[in-house]
Amino acid sequence: MRVFVDCDPGIDDAVALAYLTADPGVELVGLGTVYGNNSVEVTTDNALRLLRLYGRPDVPVAKGAARPLVQPPHLAEKVHGANGLGDVETEPAQARAVAESAAELLVRTARSAPGEIDLLAVGPLTNIALALNLEPELPSLLRRVVVMGGAVRVPGNVTPWAEANISNDPEAAEVVLGAGFDLTLVALDVTMRAVAREPWLARLAEFQGDRAQRTSGFLDFYSGYYTHIYGERACAMHDPLAAAVLLDPAITTESVRTAVRVELKGEHTRGLTIADLRDLPNTSDERPKVTLVTETDSEVFLDRMLDALH
Ligand code: BDR
Ligand code: CA
């Protein structure tokens, strides 16, 4: 499987990269960065550091958007630490970002192997919207897209209505979700229930080697942040769950096909992801449907994650 990742590392982005790089069946063909959990300068440096840590410094990394299409960015240092990786030190990057933008690298990579590349998008969707501007045929050039973002039947994590990746660039998300990709959406509805708790975190902390030890350090910070939500040291594995949904069909145990729109105007609800979950056979809605994941096997998922980090 050939995978292009667009991300904003970010602690859970880091764990998703650990998982992808551990799978011998995955060929990581490129990585785009975007502002989000931190500035794009920091997320790009983190991506390069993480690819070194996880043994894939050869993967081309392209720096992407520094800001959303319309509004100013909203960074998340409180959740991911001042350096975006839980204030854990990592070895400096040896490689540099390529000269192209993330959108350009994505388009060039997709054109080089039409119908063969899968995209995992786990940051704000600005780069993907920009790539659609460069190449309107992108939905037919990519095989499949898995997006971590949105909150359909559960509260958001930035506002009561909006999840971070969508809330950071609602205009981009609205375009990407309606563009006609073969797209699977992994929203907070399932990621907030894919929780790494104390026994899982303790097992990871026992693993030897830099890869596991640094990742354990990232998650130590992350689970500190999430304590106020789960009432114990624990953390939601948002981006890793999206990676697992992409890699392994057994992780998704329930899903629905539905159109998903993003609220762009609402006085209180800007950034809300609206899925039409009514069963309306004769609907005249022309908007392309996406696959909304509604249930996952989080036990199998968490086992896979530990295996990957061992
Ligand atoms: C998403 O927002 C970011 O903070 C995380 O990395 C994840 O992609 C969760 O809402
Ligand atoms: Ca992310």
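**Figure 1. Helices H10 and H11 pack against each other in this predicted model.** Let us start with H10, which covers residues 198–206, and H11, which covers residues 210–230. Their axes lie 8 Å apart and meet at an angle of about 150°. Angles over 145 degrees count as roughly antiparallel, and H10 and H11 are therefore roughly antiparallel to each other. The crossing in which H10 passes H11 is left-handed. On the H10 side, the contact is made by Leu201, Leu204 and Ala205. H11 contributes Ala212, Thr215, Ser216, Leu219 and Ser223. Sorted by class, this contact of H10 with H11 holds five nonpolar and three polar residues, with no charged ones.

**Figure 2. Helix H10 also packs with helix H13.** Here the partner of H10 is H13, made of residues 298–309. The two helices form an angle of about 15°, and their axes are 10 Å apart. Because angles under 35 degrees count as roughly parallel, H10 and H13 are described as roughly parallel to each other. Their crossing is right-handed. Look for Trp200, Arg203 and Leu204 of H10, which make the contact with Leu302, Leu306 and Leu309 of H13. Five of the residues in this contact of H10 with H13 are nonpolar, one is charged and none is polar. If Leu204 looks familiar, it belongs to the contact of H10 with H11 and to that of H10 with H13.

**Figure 3. Helices H4 and H5 pack at an angle of about 60°.** H4 spans residues 102–112 and H5 spans residues 126–134, with 8 Å between their axes. H4 and H5 are therefore oblique to each other. H4 passes H5 in a crossing that is right-handed. In H4, the residues to pick out are Ala102, Ala103, Glu104, Leu106 and Val107. They meet Asn127, Leu130, Ala131 and Leu134 in H5. By class, the contact of H4 with H5 brings together seven nonpolar residues, one polar residue and one charged residue.

**Figure 4. A shell of 14 residues is found around ligand 1.** Among these residues, Gly10, Asp12, Val122, Ala164 and His238 come nearest to the ligand. Three helices each give two or more residues to this shell: H1 (11–22), H7 (164–168) and H12 (238–247). The shell around ligand 1 divides into five nonpolar, five polar and four charged residues.

**Figure 5. Helix H12 is largely enclosed by the rest of the structure.** This is one of the helices that give two or more residues to the shell around ligand 1. Ten of the ten residues of H12 are buried, so the helix is largely enclosed. To follow them along the helix, begin with His238, Asp239, Pro240, Leu241 and Ala242, which are buried. The buried residues of H12 also include Ala243, Ala244, Val245, Leu246 and Leu247. His238 appears in the previous view as well, as one of the residues that come nearest to ligand 1.

**Figure 6. Arg261 sits in strand S10.** The strand itself covers residues 260–262. Arg261 counts as partly exposed because it has 16 C-beta neighbours inside 10 Å. Apart from its neighbours within four places in sequence, Arg261 is in contact with Glu174, Ile274 and Arg287. Glu286 offers a further point of reference: Arg261 and Glu286 are 25 residues apart in sequence, and the distance from C-alpha to C-alpha is 12 Å.

Note on methods. Residues numbered from 1 in each chain as written. Chains lettered and ligands numbered in written order. Predicted model: local features only at pLDDT ≥ 70, side-chain atom pairs only at ≥ 80, totals over all residues. Near = placed C-beta within 6 Å. Helix = DSSP H or I, 4+ residues; strand = E, 2+ residues; numbered from the N terminus. Nonpolar A, V, L, I, M, F, W, Y, C, P; charged D, E, K, R; others polar. Axes fitted to C-alpha atoms, helices over the stretch in contact; angles between N-to-C directions. Parallel < 35°, antiparallel > 145°, perpendicular 65-115°, else oblique. Left-handed = near helix turned anticlockwise from the far one by under 90°. Contact = placed C-beta atoms within 7 Å. Buried ≥ 20, exposed ≤ 12 C-beta atoms within 10 Å, placed from the backbone.
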